[in-house]
Amino acid sequence: MANVLMINASDRHEHGVSVKMYNQFVQSYKETHKQDTVEEVNLFEANLPYYGEKAIVALTKKAQQVDMTVEEEELVNTISYYRDQFSRADKLMIAFPLWNFTVPAPLITYLSYLAQAGFTFQYTENGPIGLAGDKEVVLLSARGGIYSEGTPMESAEMAMKLVRQTISLWGIVNPEEIVIEGHNAAPDQKERILEEGLTSVATAAGRF
Ligand SMILES: Cc1cc2nc3c(=O)[nH]c(=O)nc-3n(C[C@H](O)[C@H](O)[C@H](O)COP(=O)(O)O)c2cc1C
């Protein structure tokens, strides 16, 4: 029995292609892994406070066992909730759209909560090492244009790159990546692109 954490980084309901990917993955996974525990998070609904000065100060106070304000305690509890949930997960799925060349803002906030020295990575004399490398991860992303390797827009893609680079610091290398792309650039092909992509998602969920 595995604990699986599924993160949806879009609030576009059924309209969003990345939401379709997320829903397909959840459905296929549950059908094929009936014994597993699945925790789902919608990052927009979670309404996460930005990660900035308040959070950094609060977490520093917590680490130094210094008294916190009520607001700081609430912030630390929120961040700890997501860290504990991440720690429990044997497997992680994140689904996200490419918006303005990168990921929606709540996903940056979520990754910032987890990106903590001593939690997901550790500095050593030989550079940082990851502390979460035992997790299996699948990344699902949808993008309206074409950004695949070798295409003119490849370098402008900063959604998959951002997530891949962030989790690699945590020791999670070579996650499975499934991308649906080009459906806005070629609307006449949209149906076929989505069908093929969602079939790949279902297959990946079955073997995850
Ligand atoms: C706010 C917003 C920004 C977007 N920015 C881009 C972009 O920079 N490049 C692109 O190819 N498509 C862009 N798109 C189109 C999405 O990549 C496309 O709709 C894809 O299916 C992923 O988003 P979705 O899950 O909301 O459908 C954008 C869409 C939205 C709603």
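**View A. Strand 1 and its burial in the predicted model.** Of the 6 residues of strand 1, 5 are buried, so this strand is largely enclosed by the rest of the structure. A residue counts as buried if 20 or more other C-beta atoms, placed from the backbone, lie within 10 Å of its own. Strands (E, at least two residues) and helices (H or I, at least four) are DSSP runs, numbered from the N terminus. The chain crosses from strand 1 through helix 1 to strand 2 in a right-handed β-α-β crossover; right-handed denotes a clockwise path from the first strand over the helix to the second, with the strands pointing away from the viewer. The model is predicted: local features need pLDDT of at least 70, side-chain atom pairs count only at pLDDT 80 or more, and totals for chains, interfaces and linings use all residues. Residues are numbered from 1 along each chain as its sequence is written.

**View B. The partners of strand 1.** Strand 1 (residues 3-8) runs parallel to strand 3 (residues 91-97), to which 5 bridges join it. Within this pairing, V4 has K91 as its bridge partner, and I7 stands opposite I94. Strand 1 is also parallel to strand 2, with 6 bridges between them; here N3 is the bridge partner of T37.

**View C. The open sheet.** The sheet is built from 5 strands in the order 2-1-3-6-7, with parallel pairing; two strands pair if DSSP finds at least two bridges between them. Strand 2 (37-42) and strand 7 (176-181) stand at the edges with a single partner strand each, so one side of each has no neighbour in the sheet. From one strand to the next, the twist averages 10 degrees.

**View D. Helices packed on the sheet.** Helix 1 lies across strands 1, 2, 3, 6 and 7, and runs at about 145 degrees to strand 6. Helix 7 (residues 190-207) touches strand 6 and strand 7, and its direction makes about 165 degrees with that of strand 7. Contact requires C-beta atoms, placed from the backbone, within 7 Å; axes are lines fitted to C-alpha atoms, for helices over the stretch in contact, and angles run from 0 to 180 degrees between N-to-C directions.

**View E. The shell around the ligand.** Among the 16 residues around the ligand, G16, S18, P97, G144 and G145 come nearest; a residue is near if its C-beta atom, placed from the backbone, lies within 6 Å. Helix 1 (17-32) and strand 6 (136-143) each supply at least two residues of the shell, and helix 1 gives the most, with 3 residues. The shell divides into 7 nonpolar, 7 polar and 2 charged residues; Asp, Glu, Lys and Arg count as charged, Ala, Val, Leu, Ile, Met, Phe, Trp, Tyr, Cys and Pro as nonpolar, and the others, Gly among them, as polar.

Terms used: Two residues are in contact if their C-beta atoms, placed from the backbone, lie within 7 Å. A residue is buried if 20 or more other C-beta atoms lie within 10 Å of its own, exposed if 12 or fewer, and partly exposed in between; C-beta atoms are placed from the backbone.
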